[in-house]
Amino acid sequence: MRYHTPSSFEEASEIAAAAPGITRILAGGTDVLVQLRADIVEPDDLIDIKRISGTGDITRSDDGGWVIGAAVPGVSLSEHAALCADWPGVVEGMALVGSTQVQGRATLTGNLCNGSPAADSVPGMIAAGAEVSVVGPQGPRRIAIESVPVGPGKISLAKGEIVTAIHLPSRGAQGGDAYERFIPRTEMDIAVVGVAVNLRRDGATITEARVAIGAVAPTPLLVPEAGAALVGSTLDDASLAALSEAVSAACNPIDDKRGTIEFRTHVAGVLAKRVARTAYDRAGDAK
Amino acid sequence: MMALDDRKTNFKYIGTRPDRPDGLDKVTGRARYGADIQAPGMLHGAIVRSPHAHARILKIDASKALALKGVKAVVTRADFPTGLTGEDWNLQENVMAGEKALYDGHAVAAVAASSALIARDAAKLVEVEYEPLPHVTDVDAAMRPDAPVIREGAADYSVPEGMHPNVVRRIEFGRGDMDAAFAEADEVLEATYRTEATHQGYIEPHACLAQLGADGKGELWCCTQGHWFVRRMCASVLGLDASQLRVTPSEIGGGFGGKTTIFIDPVALALSRKAGRPVKIVMSRSEVLRATGPTASASMDIKLGMKRDGTITAAQGTFRLQGGAFPGAPTAETMQCAFACYEIPAILEIGYDVITNRPKQAAYRAPGAPMGAFAAESAIDELCRRMGLDPLEVRLKNAVKEGSKSSYGPTYPRIGLVETLEAAKAHPHYSAPLGPNQGRGVASGYWFNWGGETSVSMAVSEDGTVQVSVGTPDIGGSRASMSLMAAEALGIPYENVRCNVVDTGALGVNEPTHGSRATYASGLATIEAAREIAGKLCQRAADKWGIDAEAVIWEDGCAKPSGPNAGDFPPMPIAEIAAEMGQTGGPISGHFEATPNGHGGSFGTHIVDIEVDPETGRTTVVRYTVVQDAGKAIHPAYVEGQFQGGAAQGIGWALNEEYIYGTDGRLQNPVFLDYRVPVASDLPMIDTVIVEVPNPGHPYGVRGVGETGITPPLPAIANAVAGATGVRLRQLPMTPPRILAAIQANG
């Protein structure tokens, strides 16, 4: 195994592009190192991006959005008051990943690029309309979060491509987001179902809504029908029922040790209603 | 053993809560656990495990592994002696497969190398050719005529002809006229209950360091509940003389019964013998879950008759347990404990021990009892709810007491079930209001407890402090308890006693810390050894004073003249006698060894409130109270810890823990992510009530408390879920998908 510590993403990308075998990018390492120890993967090249300048930074962009470096650990998000005020749903999704110790290492980018259908931070980012910036042999590009995961453990990035940062849009007025997952325990568990809702209100009426779900399909999904069910409503019972139905209809889960198809499909609909209420209340509290 | 009137009741140290002597080491990281032991020139071992649930081993080729730089030895079954029989053969077959791999994770070879990484890589290079065979992991499926045969000839004489060879033992007991007794009942319930296998889940994986020479002399350091058991088992499996193998226990990060047997120890010894170097093996969590002993799973049919006034007229049960690929499921204990709490005139129990393609079960806290309690106490609750009876009143009406004939035969001596039921009834928890979607469950439970072979030595040091040498590893604060009992018996401060858990070379045979025996049996021996020392101290004082030893008593840490002709001498403290002991007759020691059998059983009653999310089936344990008879609580904090620990493990077993096998017979969840033990935030503060009905068989009245606490939670929680949802779950674990499906099926 070759261990690399490039000082720029361009250098990192060159190493990755030239690597002949299995390549892994190392940020927090909370997936890669565990997989390595568990004999799930033995990379030929391990590229540590933490020494690249700016990867540990959270910065406000000119349009009022946020840029979160690829190596920013979860705890830095939770401790960032302005970010938490703008995107509490994104932050609470990330905060559910692992233990306090894991939060000191694990990153949003890593959680996304690990490709798990159950990744807790991903539905929140999809609902927020976040994007990632990527560098690669073909130059830099920016793509929507939901286009990154393509299947369990698989992402759409080409050989040599590396995510450099997450971009969250400007929060804007009267917006709120929330994420909730179902686990049988209270923590230290993996989502059986995850639902994120991001919406904007004009007074009591919802004007925009994005709903994303996790752990109920091969990848986290954006569910446009679910968002549409909310828009124009005041989150009345009928719109919640339509939301719930749209979310359950979008589920395509598996039967496994963590839950049955019926259970996941049903609980996704239940959670969607609960999460929508939280997001709605947060939007009402927001300026 | 000890006459009742000899029992002490006024205590100075017993019942206090001093810091445990091993506490500072444990919280600072200074304590040495199994994996902390090192030796010069040490190699690291790794084990090659079967990926198949059931497969014939056609060929093992280790040439590529041996060719790897740093690899020093490979062992297979060929490196173990042949001709073993009975449980010795079972142990040997389990630690290293012979002709067949019998479960996913079964050891088939092992490698020793100069580093743990090389050993792991080398293990992957060992080529094993398998012929996969049909497998079975479910107890009911394993009894069916078409089930694959795991091993012919494993059954004992008790199994009638015509049963499947996987049924290895049949047990039956009972009394009374069943038909007449069921005819007397106003309601009769018939139901089937199932529990899944759960693992003890000790936080410390098995670890050992072994050294064995060609001369058959060996040293073994390991994490175990009982090093004499390890010595005997390793000696049998490897063909050694027991006394030539010295076994030293490390500190132990939990055992719960699962560390009373061997897994890696003889393999490390065999590797060491072959490599000529010490060999260390440390299991991963996955290895622990795949290849050490969880408890059995059970499938149980219950028929129970009750009168309208709550009197139980008859109980019948058929109990089918699988304990993995070897005989030994705790079927008898399941049967004996199921109805042990009640006086029932007519009872019939039939049980089967069944083998399957799963790891060899090991003891787990009150082995077998929680399953029986789940079936019996759920059934009682079902009838209580059906007839609108108070579950504690019904239990009180039928409760066993001193002189009652137990469901399984013996007549009870002084016991404390009624006292726990009365205390539970009086507890504010029992009458507290419930919130929406909440239900309350109660259940009682029993464990026999155990005495067992015990040997304790004690010696006075030159400064008058005292060292105690015990052979029972300290899992739950037993060094604190021994020190308190020694302090009490000698009348010296707790801090002046040091209790050491010593190796097999230092004492006679001690059974492990199992059967809730350590505080009872090692404690009894500690008190007796202290009494011997007190007698010797009195003799030294008498010699000095020139009076008869009979005229000297030991009180408050001093020899004192007593009686009309004793003379007038000032009390002589232990430190004064100890300072001169070299000149007055030499070292002063005490020793006691026995197989004490006055262990008193312990009964408990639990109350639990569960809230169920009706939309998701998710459960929350809202409130939990444990009431249990401790006889006499030596160190109440550690008694409470045992109560809470039993409840916590029971909550896990009831709600989310289970062995999940795929259709390929492989364990699906060999990691703590998916083997869901409760985390701290899943549990409320578990309230405890210590009931003290002294055990006549112990000088201070001690009853073992370690195991009873895991017997009531399974049914108590199922009963609470029934209260919260109106649906009865008869299969564990009560996962959210199962509860939700039951709620939805109920409309």
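The exercises below, each with a worked solution, deal with a predicted model of two chains, A and B.

Residues are numbered from 1 along each chain as its sequence is written, and chains are lettered from A and ligands numbered from 1 in the order in which they are written. Because the model is predicted, local features need pLDDT of at least 70 and side-chain atom pairs count only at pLDDT 80 or more, while totals for chains, interfaces and linings use all residues.

**Exercise 1. Annotated spans**

Task: State which residues of chain A and of chain B carry a UniProt domain annotation, and give the helix and strand content of each span.

Solution.
- Step 1. In chain A, the UniProt record (an unreviewed entry) places "domain: FAD-binding PCMH-type" on residues 1-173.
- Step 2. That span of chain A is 30% helix and 23% strand, with its end C-alpha atoms 50 Å apart. Helices (H or I, at least four residues) and strands (E, at least two) are DSSP runs, numbered from the N terminus.
- Step 3. In chain B, an unreviewed UniProt entry lists "domain: Aldehyde oxidase/xanthine dehydrogenase a/b hammerhead" for residues 28-134. UniProt positions follow the numbering used here, feature names are shortened, and annotations may be inferred rather than shown by experiment.
- Step 4. Residues 28-134 of chain B are 24% helix and 32% strand, and 50 Å separates the end C-alpha atoms.

**Exercise 2. The contact of the two chains**

Task: Find how many residues each chain gives to the contact, and describe the side of chain A.

Solution.
- Step 1. Chain A supplies 15 residues and chain B 18 residues, where contact requires C-beta atoms, placed from the backbone, within 7 Å.
- Step 2. On the side of chain A, helix 11 (residues 261-285) gives the most, with 4 residues.
- Step 3. The residues on that side are 7 nonpolar, 4 polar and 4 charged. Ala, Val, Leu, Ile, Met, Phe, Trp, Tyr, Cys and Pro count as nonpolar, Asp, Glu, Lys and Arg as charged, and the others, Gly among them, as polar.

**Exercise 3. The nonpolar cores and helix 8 of chain B**

Task: Name the residues with the most contacts inside the largest nonpolar core, and say how many residues of helix 8 of chain B are buried.

Solution.
- Step 1. A nonpolar core is a set of buried Ala, Val, Leu, Ile, Met, Phe, Trp, Tyr and Cys residues joined through C-beta atoms within 7 Å. Buried means 20 or more other C-beta atoms within 10 Å of the residue's own, exposed means 12 or fewer, and partly exposed lies in between, with C-beta atoms placed from the backbone.
- Step 2. The largest core has 312 residues, and Val111(B) and Val267(B) have the most contacts inside it.
- Step 3. Helix 16 (residues 518-545) of chain B contributes 14 residues, the largest share of this core.
- Step 4. Another core, of 5 residues, lies apart from it and includes Phe256(B) and Tyr364(B).
- Step 5. Leaving out residues up to four places away in sequence, Val267(B) touches Gly45(B), Ile47(B), Val75(B), Val95(B), Met96(B), Ala107(B), Ala110(B) and Ile281(B).
- Step 6. In helix 8 (residues 265-275) of chain B, 10 of the 11 residues are buried, so the helix is largely enclosed by the rest of the structure. Among the buried residues are Asp265(B), Val267(B) and Arg273(B).
- Step 7. Just after helix 8 of chain B, Gly276(B) has a positive phi of about 70 degrees.

**Exercise 4. A helix pair**

Task: Classify the crossing of helix 3 and helix 7 of chain B.

Solution.
- Step 1. The axes of helix 3 (residues 86-95) and helix 7 (residues 227-238) of chain B come within 9 Å and cross at roughly 80 degrees. Axes are lines fitted to C-alpha atoms, for helices over the stretch in contact, and angles run from 0 to 180 degrees between N-to-C directions.
- Step 2. Helix 3 of chain B is therefore roughly perpendicular to helix 7 of chain B, a class that covers 65 to 115 degrees.
- Step 3. Asp88(B), Leu91(B), Gln92(B) and Val95(B) of helix 3 meet Met233(B), Ser236(B) and Val237(B) of helix 7.
- Step 4. These contact residues comprise 4 nonpolar, 2 polar and 1 charged.

**Exercise 5. Two positive phi values**

Task: Decide whether Leu235(A) and Asp556(B) are buried or exposed.

Solution.
- Step 1. Leu235(A), in the loop between helix 9 (224-230) and helix 10 (237-250) of chain A, has phi near 60 degrees.
- Step 2. Leu235(A) is buried, because 23 C-beta neighbours lie inside 10 Å.
- Step 3. Asp556(B), in the loop between strand 20 (552-555) and strand 21 (558-561) of chain B, has phi near 50 degrees.
- Step 4. Asp556(B) is exposed, because 12 C-beta neighbours lie inside 10 Å.

Key
Parallel < 35°, antiparallel > 145°, perpendicular 65-115°, else oblique.
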